[in-house]
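The following report concerns a single protein model and considers its interior, its surface and selected polar side chains.

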Amino acid sequence: MVIPEVPIGQPVEHPHANTVLFLGAASIFCCGALGPVAWALGKRALDQIEASGGAFGGRAQVMIGYMLGIVGTVLMVIMAILFILVALSGRA
């Protein structure tokens with residue numbers, strides 16, 4: 001008889017769940033450069049949560065921070081392109 005390795009009790013929140021959420025929100029509201037950091041850290045945390053077999057929780061927080069990081073990165077790139085276009089046009 002094989003006993004499955006399922007964690008007993010409540011899952012522990014992933015150590016980076018709140019960090020990813022904060023970085024993703026900050027990338028939208030104040031500093032777009034934090035977007036790629038939230039994106040990369042969120043992807044790593046999601047992979048670790050999946051691999052933990054239920055030992056880690058906080059998937060919703062990580063997923064929201066991960067998506068906000070992607071949106072923040074896209075907005076940062078769009079703003080950089082617009083800035084370059086305005087700078088090249090010579091009109092301010």
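The sections below treat the nonpolar core, a surface patch and two buried polar residues in turn.

## Basis of the report

The structure is a predicted model, and the residues are numbered from 1 along each chain.

## Nonpolar core

The largest nonpolar core consists of 6 residues, namely A17, A45, L46, I49, V62 and Y66. Two helices, α2 (35-51) and α3 (59-89), each contribute at least two residues to this core. Helix α2 gives the most, with 3 residues.

L46 belongs to this core. Apart from neighbours within four places in sequence, L46 is in contact with R59, V62, M63 and Y66. Among these partners, V62 and Y66 are also listed as members of the core.

## Nonpolar surface patch

A nonpolar patch of about 860 Å² is found on the surface. Its members are V71, V74, L75, M76, V77, I78, M79, I81, L82 and L85.

I78, one of the patch residues, is located in helix α3. The relative accessibility of I78 is 41%, so this residue counts as partly exposed; the class lies between the limits of 20% for buried and 50% for exposed.

## S27 in helix α1

Helix α1 covers residues 17-29 and includes S27. Is S27 buried or exposed? Because its relative accessibility is 4%, S27 counts as buried; the cut-off for this class is under 20%.

Two backbone oxygens are polar partners of the S27 side chain. A polar atom of this side chain lies 2.7 Å from the backbone oxygen of G24, and the side chain also reaches the backbone oxygen of L68 at 3.4 Å. When residues up to four places away in sequence are not counted, S27 touches G32, L34, G35, L68, G69 and G72. L68 thus appears both as a polar partner of the S27 side chain and in the list of residues touched by S27.

## H14 between β1 and α1

H14 is placed in the loop that runs between β1 (12-13) and α1. With a relative accessible area of 2%, H14 is buried.

Which backbone atom does the side chain of H14 reach? The partner is the backbone nitrogen of H16, at 3.0 Å. Neighbours within four places in sequence being left aside, H14 is in contact with A45, Q48, I49, F56 and G57. Of these residues, A45 and I49 are also members of the largest nonpolar core, and H14 therefore combines its buried position with contacts to that core.

Note on methods. This is a predicted model: local features need pLDDT of at least 70, side-chain atom pairs count only at pLDDT 80 or more; totals for chains, interfaces and linings use all residues. Side-chain values use heavy atoms; hydrogens and water are left out. A nonpolar core is a set of buried Ala, Val, Leu, Ile, Met, Phe, Trp, Tyr and Cys residues joined through side-chain atoms within 4.5 Å. Buried means under 20% relative accessible area, exposed over 50%, partly exposed in between (1.4 Å probe, protein chains only). Helices (H or I, at least four residues) and strands (E, at least two) are DSSP runs, numbered from the N terminus. Contact means heavy atoms within 4.5 Å. Patches are made of residues with over 30% relative accessible area and no salt bridge: like charges are joined within 9 Å, nonpolar side chains (Val, Leu, Ile, Met, Phe, Trp, Tyr) within 5 Å. Accessible areas come from the Shrake-Rupley method with a 1.4 Å probe; for residues, only the protein chains shown count as cover. A salt bridge is a side-chain nitrogen of Lys or Arg within 4 Å of a carboxyl oxygen of Asp or Glu. A polar contact is a pair of N or O atoms within 3.5 Å; within protein, one must be able to donate a hydrogen and the other to accept it, and residues adjacent in sequence count only if both atoms are side-chain atoms.
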